[in-house]
Amino acid sequence: EEFAKGDDTLLVGALAQDRARGQAELEAFFQREFARPESLSFSWREVEVAVRGEIAWLHAEGDLVLHSDEGDRREPYRLTGVLEQHGGKWLWRLFHGGQPAARA
């Protein structure tokens, strides 16, 4: 419900298999995510947003937080995205998240 309906709506995550385009693929992606043994959340240190009419784009830097029975584990995470306003609600049109690699 947080993503705009349409075949051009796209989610690209940190792993190679984390890619979903359109409503059916997004639903399948989130069913897999919610079936994981751990839950996840995000903790953002920096968020930048720009808005032009009914379109917004953002960049965020922070941590992906994995919650499990063994405790929480934090990993660096970056997010960029494009959102559209639909009926007064901002919906994702493009979500691109990834875990930056450490410098060699």
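**Figure 1. Asp63, a buried residue in a predicted model.** With a relative accessibility of 14%, Asp63 counts as buried, because buried means under 20%. Everything shown here and in the views that follow belongs to a predicted model. Asp63 has its place in strand β4, which covers residues 55-68. Look for Arg74 beside it: the side chains of Asp63 and Arg74 make a polar contact of 3.3 Å. Setting aside neighbours within four places in sequence, Asp63 is also in contact with a group that includes Ser41, Phe42, Ser43 and Arg45. Glu75, Pro76 and Tyr77 are among the contacts of Asp63 as well.

**Figure 2. Glu61, another residue to find in strand β4.** Glu61 is found in strand β4. Is Glu61 buried or exposed? Its relative accessible area is 18%, so Glu61 is buried, the cut-off being under 20%. The side chain of Glu61 is joined to that of His59 by a polar contact of 3.0 Å. If we leave out neighbours within four places in sequence, Glu61 is in contact with Trp44, Arg45, Glu46, Tyr77 and Arg78. Readers coming from the first view may recognise two names, since Arg45 and Tyr77 are also in contact with Asp63.

**Figure 3. The largest pocket and its lining.** Here we turn to an open space in the model. Rolling a probe the size of a water molecule over the atoms shows where empty space is left. The largest pocket has a volume of about 710 Å³. Of the 29 residues that line the largest pocket, Phe29, Phe30, Glu33, Leu40 and Phe42 are the closest to its centre. Which elements each supply at least two residues of this lining? They are α1 (22-34), β3 (39-52), β4, β5 (71-86) and β6 (89-98). Helix α1 gives the largest share, seven residues. Sorted by class, the lining has 15 nonpolar, four polar and 10 charged residues.

**Figure 4. Lys5, an exposed residue before strand β1.** Our last stop is Lys5, whose place is in the segment before β1 (10-12). Lys5 has a relative accessible area of 63%, which means that it is exposed, as the cut-off is over 50%. Apart from neighbours within four places in sequence, Lys5 is in contact with Gln23 and Arg93. How far apart are Lys5 and Ser43 in space? From C-alpha to C-alpha they are 27 Å apart, with their positions 38 residues apart in sequence counted as separation. Ser43 may sound familiar, for it is among the contacts of Asp63.

Terms used: Residues numbered from 1 in each chain as written. Predicted model: local features only at pLDDT ≥ 70, side-chain atom pairs only at ≥ 80, totals over all residues. Heavy atoms only, no water. Helix = DSSP H or I, 4+ residues; strand = E, 2+ residues; numbered from the N terminus. Buried < 20%, exposed > 50% of the residue type's maximum accessible area, 1.4 Å probe, protein only. Polar contact = N/O pair within 3.5 Å; in protein donor to acceptor, adjacent residues only side chain to side chain. Contact = heavy atoms within 4.5 Å. 1 Å grid on protein atoms, 1.4 Å probe; cavity = no way out; pocket = protein on both sides within 12 Å on 5 of 7 lines; lining within 4 Å. Points joined across faces, edges and corners; volume = space filled by probe spheres on them. Nonpolar A, V, L, I, M, F, W, Y, C, P; charged D, E, K, R; others polar.
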